[in-house]
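Q: Please take a close look at the ligand site in this model. After that, cover the loop residues that deserve a comment.

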Amino acid sequence: MSGKIGISGALFLFLCLSELFGQKFDSIAMTPPMGWNGWNSFKCRINETVIREVANAMVTNGMMDAGYSYLVIDDCWQTGRDVNGTILADPVRFPSGMKILGDYIHSRGLKFGIYSDAGNSTCRGRPGSRGHELRDAMTYATWGVDYLKYDWCSHGTLDAESSYRLMRDALYKAGRPVVYSICEWGKNEPWQWGKDIGHLWRTTPDIINCFDCRNIWGGMGVLQIIDRMADLGSFAGPGHWNDADMLQVGNGNLTPAEERLHFSMWAMFSSPLIAGNDIRNMSEETLSILTNREVIAIDQDRLGISATRWLKSGDLEIWFKPLDRGEFAFCLINRGSRTITINQNLKTTISNHYTIDDSYVVRDLWKHKIIGNTSEILKGYLCPHDVLLISLTARVY
Ligand code: GLA
């Protein structure tokens with residue numbers, strides 16, 4: 001008898017093994033997920049009315065058309081478990097139940113995201129999924145959940161990698177494709193092991209609504225997160241992203257310039273773009289930042305290459321990101337409180353790999369206009385905490 005098992009035998013073996021060990025759902029999140037999560041603005045003050053109104057706003061205000069699709073309900077939606085151990089939604093805040101809410105979100109053309117925790121309880125003391133992973137995954141599947149943010153509170157002595165793998169396998173077994181968001185705040189370097197487990201992993205403790213600050217829990221402002229992201233780019237790519245945390249755009253504490261810088265840099269890192277403001281009531285300016293399609297295109301670029309810090313000179317930093325079709329983005333940021341004069345030749349070779357000659361058109365992605373080409377020196381001023389985000393595209397002679 002031949003020792004060969006043949007193609008169908010190999011396929012059978014593969015299916016058995018993946019059934020045994022599980023795997024992550026492939027080919028979803030091939031570009032960074034975009035959506036909304038209420039945590040940064042609502043904390044626990046969410047209910048089904050808010051969620052329905054947010055869904056309606058996403059559809060009517062142009063966010064859905066700009067690419068935002070996941071509507072994620074964060075902590076505090078759950079209250080306990082029934083006698084069988086099935087997780088229960090808060091009957092006061094979510095009286096219709098999660099299946100009906102999920103159906104509503106889907107009926108608006110959006111996707112439904114939910115939150116749980118790898119430990120016994122969530123960060124706000126609600127039931128976690130520890131010991132209930134498969135039951136929860138199956139419940140989410142019956143509700144039509146498309147995205148799970150999985151937190152790391154009350155983990156005790158658990159090992160992060162195996163805890164996240166356990167829920168990955170449970171989701172896979174439940175059979176409904178789910179984008180799996182690892183939220184363990186970068187403590188156990190998830191970029192080292194997360195690629196085959198989740199589709200995105202947080203790189204930091206929680207973002208704070210400030211440009212340049214930290215708090216005692218390790219929370220970080222925009223600049224601190226940028227610095228953390230700086231060395232992690234090589235770990236991310238299509239299907240597995242470094243998550244710089246939910247956006248603070250529109251939450252009232254950053255100046256418009258700081259918000260543009262924040263949004264630009266998240267796009268440069270190909271971070272998920274998860275709006276974190278009350279999108280039912282936001283200014284035109286906030287909406288125009290969140291829906292700037294030219295910036296979103298940098299984030300969603302098919303190659304998914306994260307930016308590297310190309311130059312640093314005092315408070316001026318220039319970040320560089322190669323794009324599809326031989327194009328490039330540069331992001332100039334002013335971290336300081338004085339206006340900076342820009343006088344920069346962009347013709348260069350970067351990493352011995354990317355050569356920029358004088359054949360590119362330079363376009364300002366916030367002003368939406370061409371501002372020159374690479375045969376010229378880039379000149380101008382950068383106000384405090386402001387940003388100049390440009391793309392370099394081939395010149396047509
Ligand atoms: C942690 C997470 C936050 C949020 C809260 C909810 O702090 O990092 O993003 O989900 O828990 O309690």
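A: The ligand site comes first, followed by a set of loop residues.

This is a predicted model, in which local features need pLDDT of at least 70 and side-chain atom pairs count only at pLDDT 80 or more, while totals for chains, interfaces and linings use all residues. Residues are numbered from 1 along each chain as its sequence is written, and side-chain values use heavy atoms, with hydrogens and water left out.

The ligand is surrounded by 13 residues, and the closest are D74, D75, K149, D151 and D206; a residue belongs to this shell if one of its heavy atoms lies within 4 Å of the ligand. By class, the shell holds six nonpolar, no polar and seven charged residues. Here Ala, Val, Leu, Ile, Met, Phe, Trp, Tyr, Cys and Pro count as nonpolar, Asp, Glu, Lys and Arg as charged, and the others, Gly among them, as polar.

Oxygen atoms of the ligand pair with several side chains. For D74, a polar side-chain atom is 2.7 Å from a ligand oxygen. For D151, the corresponding distance is 2.8 Å. In W185, an N or O atom of the side chain is 3.1 Å from an oxygen atom of the ligand. Taken alone, the ligand exposes 310 Å², of which the protein buries 94%; accessible areas come from the Shrake-Rupley method with a 1.4 Å probe, and for residues only the protein chains shown count as cover.

The space that the ligand takes is the largest pocket. A pocket is an open set of points, on a 1 Å grid over the protein atoms alone, with protein on both sides within 12 Å along at least five of seven lines. A molecule sits in a pocket if more than half of its atoms lie within 2 Å of the pocket's grid points.

Next come the loops. Helices (H or I, at least four residues) and strands (E, at least two) are DSSP runs, numbered from the N terminus. Buried means under 20% relative accessible area, exposed over 50%, and partly exposed in between (1.4 Å probe, protein chains only).

Two residues concern the backbone. Most residues other than glycine have a negative phi. K43, although not a glycine, has a positive phi of about 50 degrees. K43 is in the loop between α2 (39-42) and α3 (48-60), and it counts as partly exposed because its relative accessibility is 30%. H368 is not a glycine either, yet has a positive phi of about 60 degrees. The loop holding H368 runs between β17 (360-364) and β18 (369-373), and with a relative accessible area of 41% H368 is partly exposed.

D278 belongs to the loop between β10 (273-275) and α11 (284-290). Its relative accessibility is 19%, so D278 counts as buried. The side chain of D278 makes a polar contact with that of R280 at 2.9 Å. Such a contact is a pair of N or O atoms within 3.5 Å; within protein, one must be able to donate a hydrogen and the other to accept it, and residues adjacent in sequence count only if both atoms are side-chain atoms.

G239, in the loop between α9 (222-229) and β9 (241-243), is buried at 6% relative accessibility.

M30 sits in the loop between α1 (6-21) and β1 (34-37) and is partly exposed at 41% relative accessibility. The C-alpha atoms of M30 and R302 are separated by 7.9 Å, with their positions 272 residues apart along the chain.

Notes:
On a 1 Å grid over the protein atoms alone, a cavity is a set of points where a 1.4 Å probe fits but cannot get out, and a pocket is an open set with protein on both sides within 12 Å along at least five of seven lines; lining residues have an atom within 4 Å of a point.
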